[in-house]
Amino acid sequence: MREILQKLAETHSLSVDEYERLISERTDESSRLLRELAVKVRRKIYGNKVYIRGLIEISNICKNDCYYCGIRRSNKNCERYRLKADEILACCDEGYRLGFRTFVLQGGEDSYFDDDTLGGIVRDIKASHSDCAVTLSMGERSRSSYEYLRACGADRYLLRHETANREHYERLHPSEMSYDKRMECLRVLRELGYQVGCGMMIGSPFQTVRHLAEDLKFLETFKPDMCGIGPFVPHAETVFRNYPAGTAELTCYLLSVIRLILPTVLLPATTALGTVDPVGREKGIMSGANVVMPNLSPVNVRKKYELYDNKICTGEESAQCRECLSERMKKIGYKIVVDRGDVIINGI
């Protein structure tokens, strides 16, 4: 195992078989060594900085029916909402006062946010806060839509691939959704000059170690600027309600692996990680992550944007949420910085 870790640290590449072995044969000792290597790489490039992203969940209305997601269209018990443009801009204004320099607009695939509407919001944010980055996480759209939103000023786009295995993808999604389309969207986003983020669920139903190994190889070859991974957490209103959640242990282990594959990647310690473990986000940072995403959404809608059960940070005001995370990072020797937090190119 030590030789595989050394190879990964030196070449940032393994075969799928080697990735599979790295996961399946992990031990407490190999986990410790991997974590140390990942933190060393992250500190060399980013020091002890932790970048904050202001997350604004703009709509929980979604046309899709993904089997794992709490805002799937079949969930009749979901209390739907949609933020208006002025509400979104007010969230950004408040976030700016709190030191945020990246805003992440995330939502279901809601047809209300067509190109004109979403593009107008992006333009308004950039007009008010020209020193900030705007990240969109609004699902699959057409090439022309991505191109238009980029022209309006969108800097980054997050689109989790969920799994790099076609058969596994089809077991997590209804037949009208396409693995090929998801991958094509990611390629288009890259071609259009976005900073692109992808990522997968850890411990999702039917997932095998081989699937995770294929995910790691996909990340190695696609080379995303950002990678969001988090444990699968079941939701009571989905077909996977009775499946077990993924673990913080494996999620943190894979964060370390990803840091060695992609030394400069922007790597969040996600809310889902903090949901399955009370100190999950701290463990994520200490495993090589360097991004946290406090919630700037209006408090009255946070519980409604429930992708999974028992989501944390649904009741705190934005200022409280930011201060809480700042203190938690300080306790483990890291500092939240006021910065756009762009990916560092050629950082090694």
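User: Why is R82 called partly exposed, rather than buried or exposed?

Analyst: In this predicted model, R82 has a relative accessibility of 35%; buried means under 20% and exposed over 50%, so R82, at 35%, counts as partly exposed.

User: What makes the contact of R82 with D110 a salt bridge?

Analyst: The closest N and O atoms of R82 and D110 are 2.8 Å apart, and the criterion asks for a side-chain nitrogen of Lys or Arg within 4 Å of a carboxyl oxygen of Asp or Glu, so the pair qualifies as a salt bridge. R82 lies in the loop between strand 2 (54-59) and helix 4 (85-97), while D110 lies in the loop between strand 3 (102-107) and helix 5 (115-128), so the salt bridge ties together parts that are 28 residues apart in sequence.

User: How do you know whether D110 is buried or exposed?

Analyst: The relative accessibility of D110 is 6%, and the limit for buried is under 20%, so D110 counts as buried.

User: Why is the pair E162 and R160 called a salt bridge at 3.8 Å?

Analyst: The N to O distance between the side chains of E162 and R160 is 3.8 Å, and the cut-off is within 4 Å, so this pair also meets the definition. E162 is buried at 8%, whereas R160, at 29%, is partly exposed.

User: Where do E184 and R187 lie, and what makes them a salt bridge?

Analyst: Both residues lie in helix 8 (residues 179-191), 3 residues apart, about one turn of the helix. Their closest N and O atoms are 3.1 Å apart, which is within 4 Å, so E184 and R187 form a salt bridge.

Conventions
Residues are numbered from 1 along each chain as its sequence is written. This is a predicted model: local features need pLDDT of at least 70, side-chain atom pairs count only at pLDDT 80 or more; totals for chains, interfaces and linings use all residues. Side-chain values use heavy atoms; hydrogens and water are left out. Helices (H or I, at least four residues) and strands (E, at least two) are DSSP runs, numbered from the N terminus. Buried means under 20% relative accessible area, exposed over 50%, partly exposed in between (1.4 Å probe, protein chains only).
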